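Me: I would like a close look at a single part of this model, with the reasoning spelled out. Please keep the wording plain.

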Amino acid sequence: LEAFHRALESRGYDLAVYISGTGKEHGMKVLKRLVASMVDGIINFQPDISVEDADQATGPVPTVTFLRPHQDSPAYLNIEAGVATAMAHLWDLGHRRIGFIGGERIKSPEMPRDPQVASYEEFLQTRNAFDLELCIMSEGRFCDGIAHIEALWKSGVTAIAAANDEVAAGVLSWAHGAGIRTPQELSVVGFDDSELAKLVTPTLTSVRFPYQEIADITADAIIGLVNGEPLPPHVIIEPILIERKSTAPAPQR
C-alpha cells in the first residue's frame with residue numbers, strides 16, 4: 001500500500017483504501033458500491049475475485065486486478081521462478097533435506113494453488129527428493145516459524161525455505177534459542193527481501209519482491225485506462241535472490 005501511495009501520489013492521484021475482507025461475495029459488493037462513489041478508477045486486490053469478475057462488477061469504471069498471471073493484469077511477479085531460484089541456491093550448497101514453511105501467500109481463480117508450494121514441490125520432485133512431511137503450511141507469521149521449525153529440524157533438515165521474511169526470522173529466532181548455529185548447521189532463505197532481512201542476525205538471504213516496480217506498472221496502467229488509453233501489455237517480472245549470511249554449505253547430520 002505504501003508503494004501504491006507513492007506511485008499514485010507522484011502521478012497526481014490519491015489512494016483510497018476499502019477493506020473487503022475475504023470471500024468473493026462481500027468483495028463483489030464492495031466493488032459495486034465503489035462504482036457509485038467518487039473514484040476515477042479501481043485496483044482490485046481481493047484474491048477471491050477474478051479479473052473477469054472484477055471487470056463485470058465495476059462496469060464502466062476503469063479497473064485493473066493486481067498481481068495475477070493474466071494478460072489483463074498489468075504485472076505479475078514470477079513467484080514460482082523466485083522459489084525455484086532459492087531452492088537451486090540451497091541445492092547447489094549441498095542441501096538435500098530442505099524444509100518449507102509456507103504461508104498461503106496467494107491463491108486466486110487464476111492461481112488455484114499456492115505458487116510457492118507448487119514450485120517447491122516441483123523442484124524437489126524432479127530430483128527425487130520430495131518429502132511431504134517437510135512441507136508445512138501456516139498463516140505466515142513470525143510465530144509460525146518458531147512453531148514449526150523444531151519438528152522439521154528433528155526430521156533432519158539442513159535448510160529452510162520460508163514463505164516470507166517474517167517466517168524466516170521466526171526460524172532464526174528458534175535456532176538461536178535452541179543453540180543451533182545458522183548458517184553453519186541450518187541455512188534459511190526468506191521471501192520478500194523486506195527491511196527485516198537486513199535487521200536479523202545473521203542477515204537473511206531472501207528473494208526480492210519489487211513492490212515499487214509492480215506498483216508503478218499497475219499505477220500507470222490504471223491511470224492510462226482513466227485517460228482513455230488501452231491496457232498496456234502484461235508484464236512478468238523475474239525476481240532475484242539477494243544472498244546474505246543466512247546460507248552456507250550443507251553440514252553432515
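Is threonine 58 buried or exposed, and what is its relative accessible area?

Reply: The model is predicted. In it, threonine 58 has a relative accessible area of 1%. The cut-off for buried is under 20%, so threonine 58 counts as buried.

Its place in the chain comes next. Threonine 58 belongs to helix α3, which covers residues 51-58. Leaving aside neighbours within four places in sequence, threonine 58 is in contact with Leu31, Val35, Ile42 and Thr63. Leu31 and Val35 are also among the α2 residues that meet α3, so the packing of these two helices is worth following.

Two packed helices are described by the angle between their axes and the distance between the axes. For helix α2 (residues 24-35) and α3, the axes come within 8 Å and cross at roughly 40 degrees. An angle of 35 to 65 degrees falls in the oblique range, and α2 and α3 are therefore oblique to each other. Their crossing is right-handed. On the α2 side the contact is made by Lys24, Met28, Leu31, Lys32 and Val35, and on the α3 side by Asp53, Ala54, Ala57 and Thr58. Sorted by class, these are five nonpolar, one polar and three charged residues.

The surroundings can be described in terms of nonpolar cores. In soluble globular proteins, nonpolar side chains tend to be buried together. The largest nonpolar core here has 61 residues, and those touching the most other members are Leu77, Met87, Tyr120, Leu152, Ile160, Leu186 and Ile214. Helix α7 (residues 165-178) supplies the largest share of this core, seven residues. Apart from it lies another core, of nine residues, including Leu31, Leu34, Ile49 and Ala57. Leu31 is thus a member of that core and a contact of threonine 58.

Isoleucine 160, from the largest core, can be treated in the manner used for threonine 58. Leaving aside neighbours within four places in sequence, isoleucine 160 is in contact with Leu90, Gly99, Ile101, Ile149, Leu152, Val171, Leu186, Ser187, Val188 and Val189. Leu152 and Leu186 appear in that list and also among the core residues that touch the most other members.

Met87 and Tyr120, also named for that core, lead to another helix pair. The axes of helix α4 (residues 79-92) and helix α5 (residues 115-125) come within 8 Å and cross at roughly 40 degrees. These helices are therefore oblique to each other, and the crossing is right-handed. From α4 the contact takes Ile79, Glu80, Val83, Ala84, Met87, Ala88 and Trp91; from α5 it takes Pro115, Gln116, Ser119, Tyr120, Phe123 and Leu124. By class, the contact of α4 with α5 holds ten nonpolar, two polar and one charged residues.

A further pair is helix α1 (residues 2-9) and helix α9 (residues 211-226), which pack at an angle of about 45 degrees with their axes 8 Å apart. That makes α1 oblique to α9. Here too the crossing is right-handed.

To return to the starting point: threonine 58 is buried, is in α3, and takes part in the contact between α2 and α3.

Conventions. Residues are numbered from 1 along each chain as its sequence is written. This is a predicted model: local features need pLDDT of at least 70, side-chain atom pairs count only at pLDDT 80 or more; totals for chains, interfaces and linings use all residues. Side-chain values use heavy atoms; hydrogens and water are left out. Axes are lines fitted to C-alpha atoms, for helices over the stretch in contact, and angles run from 0 to 180 degrees between N-to-C directions. Helices (H or I, at least four residues) and strands (E, at least two) are DSSP runs, numbered from the N terminus. Angles under 35 degrees count as roughly parallel, over 145 as roughly antiparallel, 65 to 115 as roughly perpendicular and the rest as oblique. A crossing is left-handed if the near helix is turned anticlockwise from the far one by less than a right angle, and right-handed if clockwise. Contact means heavy atoms within 4.5 Å. Ala, Val, Leu, Ile, Met, Phe, Trp, Tyr, Cys and Pro count as nonpolar, Asp, Glu, Lys and Arg as charged, and the others, Gly among them, as polar. A nonpolar core is a set of buried Ala, Val, Leu, Ile, Met, Phe, Trp, Tyr and Cys residues joined through side-chain atoms within 4.5 Å. Buried means under 20% relative accessible area, exposed over 50%, partly exposed in between (1.4 Å probe, protein chains only).
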